[in-house]
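User: I should like to go through this model and hear the grounds for each term that is applied to it.

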Amino acid sequence: MEMSAGAASFSVFDGLKATKSPCAITNFECRRQSQLISLPCVKAVSAPLKPPTAVPVKRSKVEIIKEQSNYLRFPLNEELETEAPNINEAAVQLIKFHGSYQQYNRDERGGKSYSFMLRTKQPSGKVPNKLYLVMDQLADQFGIGTLRLTTRQTFQLHGVLKHNLKTVLSTIIKNMGSTLGACGDLNRNVLAPPFPFARKDYIFAQETADKIAALLAPQAGSYYDLWVDGEKIMSADPPDVVEALKDNSHGTNFEGSPEPIYGTQFLPRKFKVAVTVPTDNSVDILTNDIGLVVICDDEGNPKGFDIYVGGGMGRTHRMEHTFPKLAEPLGYVPKEDILYVIKAIVATQRDYGRRDDRRMARMKYLVHEWGIDKFRTVVEQYYGKQIEPFQELPPWEFKSYLGWHEQGNGEHFYGVHVENGRLKDTSKKVLREIIEKFNLSIRLTPNQNLILCDVRSSWMQEISRSLRQGGLLHPRWVDSLNITSMACPALPLCPLAVTEAERGAPDILRRIRKMFDKVGLRTSDSLVIRFTGCPNGCARPYMAELGFVGDGPNSYQIWLGGAPNQSRLAQTFMEKVKLQDFEMILTPLFRAWKLRRMAGEPFGDFAIRVFVFSP
Ligand code: HEM
Ligand code: SF4
């Protein structure tokens, strides 16, 4: 295993092409440093060191696969060459880092028909016109004919056969797209509010998302070797990113390694970053490993960031030591330092996150185990400075910006509601025609919707008409329950799904609307409902006012009490509720809300007050 410049170990793995890093410190220094880590506040910060381990620590199987992979190449390269329709277990783990999951259709009986899901990566969900058209075409030509917009501002293409992977991936790369790091144990797509407002804080949040994505992208080149025969098809990183990437003043880097931040082991688990501006919680900021909020001075110029750390959704049924967690305030840093503090947080998770048990490997468990003060102390050692106190923020609001809006530069944008992010048939065709005809650029939202940007006033009428004809109705004509609801793809392609989510959601929403009618709730009454086919939480159900989490065939855990602005975790209300029993369980809850809510009280607040904490 590679060791960072400041880290101490007595067995340094010399992975296939990994560089051997010198162990530059003594035992005494290690001990001194580990004592420093337990101090509540850093007075004089110095290069952080990981305490020495006398006994070799148990590591999960995936850690060994990463270590022996020659930076994500072996045995993926070899497995892609075989005639088999699938790849072996080690290659399955590695291809995730390249942005793909191996899947098979669980609806089909008999032998497994393997295919691959590809996920793109585009910070802030920005999609150039040409890339959109290419993705649309690839879905028809090599996928199952649908384009899926995800909860992390990316596209998913399902159903790509192994022998087409290289064609599809190289086409995406050559059209300025990427799938590198869309899955796997590294930084995933960086979220930011996608809205094309000509506002300094929004633009700055989006630029920061781009820079963080560049800073934390894998550097060792296997992606380009595998998919475009070593061609380096990418634009140069901005100078401040290059400088921050190289900087090793405080022991964040593996000196001389092709992978200076990640080393041979990458991170213990996936890592998620979101950037936003005060009040705009379109990104579900508190569900991320790192959440940044742009802070502006009195003239509206960005001056720094508030930082949250340690959010995450995934959990496992019947394992109470796994849990969803909201990110906690870490502090404030000036804008010049943001890339350095991001590196410091990543290095902390890299060096101290658990690598023995993948269920416990997310940074949320480290923050939980240490507490935020100790976590901050260790981050400060890698950062080399003290983190300033968190600045007070106004309340969060959920912003979807569906329908028409002015951009602030004379042009308009239109937020298109796409049910569960699935573009198919007429809706897909019509969108393509509009995007092609008006040469529009696109942004994907963190809520499975899509934004048409830079629309001139004279085009608006025609675009509205075409969307309507394609079944993409103005949000005014869509049930408010559907507008805010999300479901993960689950069956038939997700291997971890225990029941339906996306395919079942529309019917369940119709049933809930009927229950509303029955108890006398109005059409304007609504709540945030999210569905997943298993407890991993891919549609962030633990932030919903009403969350359905699959816990068996046609059976769900019910979570209640998230807030409409996604600022509070929901809590488990009931388990193993069968699909056919929803009316029996839910109607009384809705009736109680109708009869006993306080003025304007959202369902989630009511549920926390009345159902979840009541004896
Ligand atoms: C084979 C395994 C998996 C597949 C196929 C998968 C698929 C997906 C998909 C499709 C999305 C986008 C969801 C959407 O738009 O509906 C997503 C997002 C997400 N996934 Fe997974 N996932 C897998 C494993 C996991 C695991 C093991 C966890 C957690 C333990 C997890 C947690 C999440 C979360 C929290 C999101 C929400 C997006 C975000 O805010 O980051 N996933 N995943
Ligand atoms: S929540 Fe579970 S079922 Fe849904 S996509 Fe994620 S892993 Fe699959």
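User: What is the order of the 5 strands in the open sheet, and which kind of pairing do they show?

Analyst: In this predicted model, the strand order is β1-β2-β5-β4-β12, and the pairing is antiparallel.

User: Why is one side of β1 and of β12 left without a neighbour in the sheet?

Analyst: Strands β1 (100-104) and β12 (422-423) each have a single partner strand, so they stand at the edges of the sheet.

User: How do you know that β2 and β5 pair?

Analyst: Two strands count as paired if there are at least two bridges between them. Strand β2 (residues 114-119) and strand β5 (residues 155-160) are joined by 3 bridges in the antiparallel sense, so the criterion is met. Within this pair, Phe-116 stands opposite Val-160 of β5.

User: Which helix packs on the sheet, and which strands are touched?

Analyst: Helix α5 (residues 129-142) touches β4 (147-149), β5 and β12, and its direction makes about 20° with that of β5.

User: Which residues have the most contacts inside the largest nonpolar core?

Analyst: That core has 115 residues, and those with the most contacts inside it are Tyr-132, Ile-307, Ile-345, Phe-375, Leu-450 and Leu-452. Helix α10 (residues 338-352) gives the most to this core, with 9 residues. Another core, of 39 residues, lies apart from it and includes Leu-491 and Phe-548.

User: What makes Cys-538 (SG) a donor to the iron atom of ligand 1?

Analyst: A donor to iron is an N, O or S atom within 2.8 Å of the metal. Cys-538 (SG) is 2.2 Å away and is the single donor from the protein, so the term applies. Cys-538 is found in the loop between β16 (529-532) and β17 (546-552).

Note on methods. Residues are numbered from 1 along each chain as its sequence is written. Chains are lettered from A and ligands numbered from 1 in the order in which they are written. This is a predicted model: local features need pLDDT of at least 70, side-chain atom pairs count only at pLDDT 80 or more; totals for chains, interfaces and linings use all residues. Side-chain values use heavy atoms; hydrogens and water are left out. Helices (H or I, at least four residues) and strands (E, at least two) are DSSP runs, numbered from the N terminus. Contact means heavy atoms within 4.5 Å. Axes are lines fitted to C-alpha atoms, for helices over the stretch in contact, and angles run from 0 to 180 degrees between N-to-C directions. A nonpolar core is a set of buried Ala, Val, Leu, Ile, Met, Phe, Trp, Tyr and Cys residues joined through side-chain atoms within 4.5 Å. Buried means under 20% relative accessible area, exposed over 50%, partly exposed in between (1.4 Å probe, protein chains only). Donors are N, O and S atoms within 2.8 Å of the metal (3.2 Å for Na, K and Ca); water is not among the atoms, so sites may look incomplete.
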